[in-house]
Each structure stands twice: as C-alpha cells, then as structure tokens.
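Hi,

Here is the structure I promised to pass along. Have a look at it first, and then read on for what turned up.

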Amino acid sequence: MNQKNLNQINSFCRISLVSVIAVYFLILVGGVVRSTGSGMGCPDWPKCFGSWVPPISVNQLPNDYQEIYSAKRVEKNNKFVAQLEKLGFKEKAEEIKNDKSILVEQEFNPVKTWIEYINRLIGAVIGILVLLTVFRSFPLWSFDKSTTILSVFNLFLVLFQAWIGSIVVSTNLLPWMITLHMMLALLIVCILLFVHFRSHRLIHPTKSITDKPGSLFGILVIGFLLMLVQIIFGTQVREEMDVVAFEFGNLLRGEWIEHLGLVFIIHRSYSIVLLGVHLLFFVKVYKFTLRNVSIFKWSQALLFVIFLEIATGVGMAYFSIPAFLQPVHLLLGTLIIGIQFVILLQLNSQRIFKLEQTGS
C-alpha cells in the first residue's frame with residue numbers, strides 16, 4: 001500500500017472518529033433537552049417558530065401562535081398516519097389519531113426554545129460530519145468497497161433519523177417515537193465505529209493476542225443484547241417519569257420514584273444481572289488476555305462505565321432525581337453500547353484470525 005493510500009485511510013479514520021464523538025455529544029445534549037422538558041421548545045421542524053433563528057420573546061409571535069403550530073402539526077401527523085397505514089402499521093396509526101395529548105401546545109419559553117434550537121444546530125453539524133465521512137470514504141473504494149457502501153448507507157440513515165426527529169416534534173414527543181429515535185442513534189454510532197475499525201485494520205492487521213476469543217465474544221454478545229434491552233426499559237421508565245412529572249406539575253421531585261410502575265422495578269433490578277454478566281466477562285478477559293493490549297484496556301473502561309451508570313441510577317433514585325444526572329445517565333448507557341461494540345469488533349477479528357491460522 002502506497003503513501004497516498006495510507007494518507008487516505010488515516011484521513012477517513014480521523015473523520016469517522018470525530019463523527020462518533022460528535023454523535024455522543026448530541027446524545028448528551030438530547031438528554032439535556034429531555035431533562036429540562038425542552039423537547040417541544042420549537043413546535044415546528046426544521047425551522048423554529050417559522051424562523052431559522054428562533055424568537056427570544058413571546059412578543060415576536062402572533063397572539064394565536066399556539067393554534068397555528070398545533071394546526072400545522074395536525075396536518076403533518078395526518079400525512080404520517082396515512083404513510084403508516086400504507087405500510088401496514090394500522091394500530092400505530094390509530095394510536096396517533098386517537099391521542100389527544102398530541103394536540104396540546106405548550107406556551108412559549110425562550111430558554112426551552114433555545115435549548116432545543118441548539119440541539120438542532122448540533123444535529124446539523126453532525127449531518128455535515130457524516131457527509132464528510134462519505135466523501136472521505138470514496139478514495140477507499142478501490143481496496144475496501146464495504147467501507148464506502150456502509151458510509152453512504154449511514155448518511156441515508158442520518159437523513160432518516162432527521163425525518164424521525166421531525167415526527168417526534170409533530171407528534172408532541174410520542175413515547176415510542178422517542179425510543180425509535182434513540183435506537184437509530186445507537187445504530188448510527190455502531191456503523192461509524194465499524195467503518196472506523198475496518199479502515200484502521202487496513203493499516204494495522206490483526207495479531208493473535210487473546211486466548212479463546214470465541215468464548216469471550218459469546219459472553220459479550222449476551223451482555224450487548226442485555227444492554228440494548230436495558231436501554232429500552234430505560235426509555236420506558238423515562239416515559240413514565242414524564243407522565244408523573246406532569247401530574248405533579250414538575251414539583252416534588254422526591255415523590256416521583258414512588259409513583260413509577262413495574263417497569264422501573266425491572267429496570268433497577270435488571271442492572272444487577274448486567275453487572276454480573278460483565279464481571280464474568282472481565283474475569284475471563286483477565287484470564288485470557290495480556291494486560292497491555294487494547295481489549296484488556298477497553299474491558300476495564302467498560303466495567304468502569306457500568307459502575308458509573310449504576311451509580312448515577314442510584315443517585316437519581318435516592319436523591320430526588322437531580323436534573324443534571326438524567327442526561328449523564330443516558331450518555332453513560334449509550335457509551336456502554338459503544339464500548340461493547342468496539343470490544344466485540346476486536347474479539348471477532350481475533351476469532352477470525354485464529355480460525356484462519358488453524359485452517360492454514
């Protein structure tokens with residue numbers, strides 16, 4: 001491989017890594033949006049109150065602005081319902097049509113409006129970064145077509161994610177749409193991590209540094225799937241919390257936990273299972289892996305982040321759900337998925353390498 005190819009691969013590695021970091025930053029900001037109740041700070045999309053730069057005072061809006069934007073959202077939702085019906089999702093379409101909460105329009109709040117607006121600006125920057133990732137992947141086509149194809153696919157996924165974001169707004173933060181929005185963000189992260197890892201391997205080939213990578217891979221796959229389920233439980237807990245917070249008028253935060261249902265109990269207890277699986281994984285890594293290799297270091301980071309995630313969950317449960325811990329808890333949960341995925345890529349590479357060596 002000549003120097004030009006090496007420079008092209010290094011360039012792609014850098015931009016794909018920057019894109020991953022940017023997506024995680026957006027997840028953190030999205031958590032801030034949720035914890036501050038700013039999700040409907042802008043009632044329309046992609047503009048905010050019909051402008052590319054949102055207002056700072058209600059005096060800049062017409063007197064009937066709530067009716068105006070409520071009507072616009074109803075119009076958009078009717079189109080979305082028609083699309084769902086054509087795709088065969090009639091139950092979800094009926095759910096949206098019969099959900100009267102979608103029609104509730106919030107009063108203008110300049111702080112919440114600008115929090116949501118900044119969230120959208122960061123999302124636009126990430127779109128540009130993903131587009132740049134695609135552009136930097138084209139020179140790799142001659143020797144690694146999969147990286148280019150996946151990068152292009154990820155761009156379309158980001159555009160789809162943006163559209164889903166607009167539906168989240170038009171449906172007034174419909175719970176299952178928020179969950180879908182989160183899962184798509186994790187998929188985008190994993191694809192970016194995969195193409196970054198794949199391009200990095202073009203320069204740094206796999207070496208045998210781990211015993212029994214197949215066994216370690218199997219344990220972590222279980223941990224990865226369990227963590228995905230835990231994140232879904234977490235989004236459901238968050239949805240219940242939104243309902244409780246509304247009932248309490250966003251006051252008496254110390255009383256919210258007591259009014260959460262069975263999903264919260266499952267979510268809380270489930271963390272013990274997750275911790276047990278990952279402790280088992282770390283013990284196995286300690287036994288079968290050298291101390292100075294990346295798999296061992298990533299495994300240490302994984303266990304540390306899991307402990308932090310549990311600590312923030314305990315902090316919310318016993319200290320009246322501090323608003324600043326909510327986005328941190330969300331970020332740590334998604335970070336666990338990313339670290340798990342990186343380790344899985346490394347272990348799978350080790351597993352394939354060993355099979356090739358055995359076959360030869």
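A word on terms before the cysteines come up: a residue is called buried when its relative accessible area is under 20%. Please also keep in mind that this is a predicted model.

**The cysteines**

I'll begin with the part you may want to look at on screen. How many disulfides does a search of the whole structure find? The search finds 1. The disulfide joins Cys42 to Cys48, with a distance of 2.0 Å from S to S. The angle about the S-S bond is -80 degrees, and the link of Cys42 and Cys48 is left-handed. By the cut-off above, Cys42 and Cys48 are both buried.

Why do Cys13 and Cys190 not form a bond with each other? The closest cysteine sulfur to that of Cys13 is in Cys190, but it is 17 Å away, so the two are too far apart for a bond. The search from the other end gives the matching result: for the sulfur of Cys190, the closest cysteine sulfur is in Cys13, at 17 Å, again too far for a bond. A pair would need its sulfur atoms within 2.5 Å to count as a disulfide.

Are these two residues buried or exposed? Cys13 counts as buried because its relative accessibility is 9%. Cys190 is buried as well, with a relative accessible area of 9%.

**The fold as a whole**

Now for the wider picture. The secondary structure comes to 10 helices and 0 strands, so to speak an α at every step when the elements are read from the N terminus on.

The C-alpha atoms fill a box of roughly 75 × 50 × 40 Å along the principal axes. The radius of gyration is 23 Å, which agrees with the value near 21 Å that a compact globule of 360 residues would have.

Of the contacts between residues at least 6 apart in sequence, 79% join residues at least 24 apart. Buried residues make up 46% of the 360 residues.

**Surface and charge**

The protein exposes about 18500 Å², and carbon and sulfur atoms supply 68% of that area. As for charge, there are 30 positive and 22 negative side chains. The centres of the positive and negative sets lie 16 Å apart.

That is what I have for now. Happy to talk it through whenever it suits you.

Best wishes

Notes
Residues numbered from 1 in each chain as written. Predicted model: local features only at pLDDT ≥ 70, side-chain atom pairs only at ≥ 80, totals over all residues. Heavy atoms only, no water. Helix = DSSP H or I, 4+ residues; strand = E, 2+ residues; numbered from the N terminus. Rg over C-alpha atoms; globule rule 2.2 N^0.38 Å. Buried < 20%, exposed > 50% of the residue type's maximum accessible area, 1.4 Å probe, protein only. Contact = heavy atoms within 4.5 Å. Areas by Shrake-Rupley, 256 points an atom, 1.4 Å probe, with all protein chains shown as cover. Lys, Arg positive; Asp, Glu negative; His and termini not counted. Charge placed at Lys NZ, Arg CZ, Asp CG, Glu CD.
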